[in-house]
Every structure is written in structure tokens, then in C-alpha cells.
Amino acid sequence: MLALMVFASLSDRVGRRPLLAAAVLAAATSTALFLLADDVGTLLAARFLCGLGTGVFTATGTAALGELAGAKNTRRVSTVSTAANMGGLGLGTVAAGLFAQYGVDPAHLVFWVYLAGLVPAFLAVIVTPETVTARRRLAVSVRRPTVPGRRERRTEFLRAGTAVLAAFAVSGLFSSLVPSFLREQLHVHNVAAVGAEVGLLFIVALIAQVAAPERWVSGRWPAPAFLVAGVAVFEAGLRTRSLPTFAAGTLLAGTGIGLAFRRGVGVTQRLADPRRRADLLSTYFLFAYTGTLVPTLALELLDQTINQDVATLILAVAVAVAATPLANALSRRTAAPA
């Protein structure tokens, strides 16, 4: 989130390639620190650099995709961007689970593999054409989140941002619950299975945004409906200690996440000022990361004072409420005269 507020929009001034190259180098430095770490301080420094790189990657990379594809290919851009984000999240958790369960020296192997994966990423940045032609003077500052100026465009963007906040809140809640649920309630101790269950959410999101009918993607209500249904079903799975029910909730929630994210990227690309595309995308991803952050921290705080089942139920209801009434309120604002 710090990277999104300070660095990600700099690519509108200095170009996409320099920022993407810097993000790859930050990720490589972070990975090297993970390999060398023997204390908590080094781990925190590695996580800090990892977060900076991720923030720049998401906004700047998505902006570059939009410019490379052109204004006529907004649907393709939203599909590729969602596939990259959701595919990466899903692949990461599945691979980490496999390394942890079956790899030799998994705490280091996973980072060696990731470091190797950054090599083709860096080469891709080098050979990708620069899309920002009007360069401006570099100015680093903490930016205020940007929204479109016209009322109807601003409302449409805020509706998309609210939807992705709810979607990533579902993913944050889900990812926080899966390991303890499988280990403590179902006595599943295979780490690869835990990684696969977490990764399933993002893989389903990837499949949904590629295979879903266009009316589901463009419609206002399919994504919230799937999100609320997913939360309800996997909460039922938690209560009944049923893995099939929990998995069904995963399928529903993953579909909602994929639909919300793809639609939001498309809306943001369409509404963005071409000269400040990364700026508006940074605001969009701030919505997403806020959604990831809040339930994760809230669950840990509530778990210290009340029963985890009660804490989970409170958060599940809050996420369901966020997915529907807020979107409905913004829809009514859109219908009002500007």
C-alpha cells in the first residue's frame, strides 16, 4: 500500500519500464534477504522490499498492459491482468505447499526457484516497448488517492473499487482460515494439501474470469451474489466441519472474486486519464489491498478476545454486508443526475 501511494504512479512521469525494472530488482533483493535471513529483522526487511515491488508491479504492469493493447482491447486487458494476478496468487500457494511438504530444504528452495523466475521477468521488461512518450520531471511524494473528476465516472469507479475491496476481503478471510481449519478441525497435516486448498480459490477466480459469460462480467450483481453465497457456504462448512461444503464455498467465492476483479480492472482502464493511468490503477489496487489487510488483522485481534468461531462469523457477516448494500448505494448515486 505504501508503494501504491508513493511509487506506483511515478511511471506516469518517468515511464513504465524503469519502474517495472526497479520492482523486479526490489523483488530480487527481497528474495536474497529471505535466503540469507537468520533473524526476524532481516525477514521484516525482506517483506518490506517484497511489498514495495508488489505494489509497483500491480499498478504499473496493469497500466502498461492497457497501453500496449490499446483502447479497443479493454476486455483483453482485463482478462490478461486478472489471469496474471489470480494465476500468480494461486500458483504461489500451490508451489509453496508442494515445496514445504516434499522439497529438500524448503525454506530456501522456494526462494531459489522464485529468484530464477525473476530472470525471465526482467528480460521481459527489457524487451517490452515503452508506452509513456511524454516524460516529465521525477517528483516523489505521498499521493492522495485519485478518483475520476466527473460525478458519474467517479461513482462508477467507486462502485468497482467497493466490489474489489469486498472480493479481496473474502480472499483475506478465506486465506486466514484455511490453514487452521484444515489442521485443527479436519486434522489435515499435509502442507501441500493446505496450499492446494488456498490456491484453489485463486485458480477458480482465474477460470471464472476467463470462462464466465460476458453478462456475468459486465453485470452489476453476479460478482456480489457469488461472493455472498461463497461466504455463507464456507461459513457453513466451518460450522459443520465439512470439507466438501467448505470446498463448495471456495468455488462460489472464487468465482465472485474473479468476476469482481476483472470487471473492476476493465472499468478503471476505461475511465483512466491516459496521462495518469497508473495513478488511477494505484487507487484501484489500494481498494484491493485494504480488503486483504482488514479481515486478516481483524481476525487475529478478535481471536485474542473472543471465540474464533464467533470472530469468524462476525467477519463473514461484515464481508457479506460490504459486498451488497455499499454497491447498491453507489448504484443509486449513479442513477442520480450529475
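This briefing goes through salt bridges, aromatic pairs, a surface patch and several individual residues of the structure above. The model is predicted. A search of the whole structure finds ten salt bridges, and a search for aromatic pairs finds twelve. Some of these are described below, together with the helices that hold them.

**Salt bridges**

- D12, R16, E67 and R277 belong to one network of salt bridges.
- Within this network, D12 and R16 meet through their side chains, with an N to O distance of 2.8 Å.
- Both D12 and R16 are buried.
- E67 and R277 also form a salt bridge, and their closest N and O atoms are 3.5 Å apart.
- This second pair links distant parts of the chain, since E67 is in helix 4 (residues 40–69) and R277 is in helix 12, 210 residues apart.
- R277 has a relative accessible area of 12%, and it counts as buried because that value is under 20%.
- Outside the four residues named for that network, R270 forms a salt bridge with E156, with the closest N and O atoms 2.4 Å apart.
- R270 is in helix 11 and E156 is in helix 7 (residues 151–185), so this pair also links distant parts of the chain, 114 residues apart.
- The two partners differ in exposure: R270 is partly exposed at 46% relative accessible area, whereas E156 is buried at 18%.
- The contact between the side chains of E156 and R270, at 2.4 Å, is also listed as a polar contact.

**Aromatic residues**

- One of the aromatic pairs joins W216 and F226, whose ring centres are 5.3 Å apart.
- The planes of these two rings are at 50°, so the pair is tilted; the tilted class covers angles that are neither under 30 degrees nor over 60.
- W216 lies in helix 9 (residues 214–218) and F226 in helix 10 (residues 222–240), so the pair ties together parts that are ten residues apart in sequence.
- W216 is partly exposed, with a relative accessible area of 31%.
- F226 is buried, with a relative accessible area of 19%, a value that falls under the 20% limit for buried residues.
- Elsewhere, F168, F261, Y284, F285 and Y289 make up one aromatic cluster.

**A nonpolar patch on the surface**

- M1, L293, V294 and L297 make a nonpolar surface patch of about 340 Å².
- One of these residues, L293, is found in helix 12 (residues 277–303).
- L293 is partly exposed, with a relative accessible area of 40%.

**Buried residues in helices 7, 8 and 11**

- T250 is in helix 11 (residues 243–271).
- T250 has 0% relative accessibility and so counts as buried.
- The side chain of T250 reaches the backbone oxygen of F246 at a distance of 3.0 Å.
- Apart from neighbours within four places in sequence, T250 is in contact with F174, E197, L200 and L201.
- A205 lies in helix 8 (residues 191–211), and it too counts as buried, at 0% relative accessibility.
- The contacts of A205 are with M86, G254, I257 and G258, not counting residues up to four places away in sequence.
- A205 and T268 are 63 residues apart in sequence, and their C-alpha atoms are 19 Å apart in space.
- L177 is in helix 7 and is buried, with a relative accessible area of 3%.
- L177 touches F234, L238, L299 and T312, again leaving out residues up to four places away in sequence.
- The C-alpha atoms of L177 and K72 are separated by 41 Å, and the two residues are 105 residues apart along the chain.

How values were computed:
Residues are numbered from 1 along each chain as its sequence is written. This is a predicted model: local features need pLDDT of at least 70, side-chain atom pairs count only at pLDDT 80 or more; totals for chains, interfaces and linings use all residues. Side-chain values use heavy atoms; hydrogens and water are left out. Rings of Phe, Tyr and Trp (its six-membered ring) pair if their centres lie within 6.5 Å; planes under 30 degrees apart count as stacked, over 60 as edge-to-face and the rest as tilted. Helices (H or I, at least four residues) and strands (E, at least two) are DSSP runs, numbered from the N terminus. Buried means under 20% relative accessible area, exposed over 50%, partly exposed in between (1.4 Å probe, protein chains only). Patches are made of residues with over 30% relative accessible area and no salt bridge: like charges are joined within 9 Å, nonpolar side chains (Val, Leu, Ile, Met, Phe, Trp, Tyr) within 5 Å. Accessible areas come from the Shrake-Rupley method with a 1.4 Å probe; for residues, only the protein chains shown count as cover. A polar contact is a pair of N or O atoms within 3.5 Å; within protein, one must be able to donate a hydrogen and the other to accept it, and residues adjacent in sequence count only if both atoms are side-chain atoms. Contact means heavy atoms within 4.5 Å.
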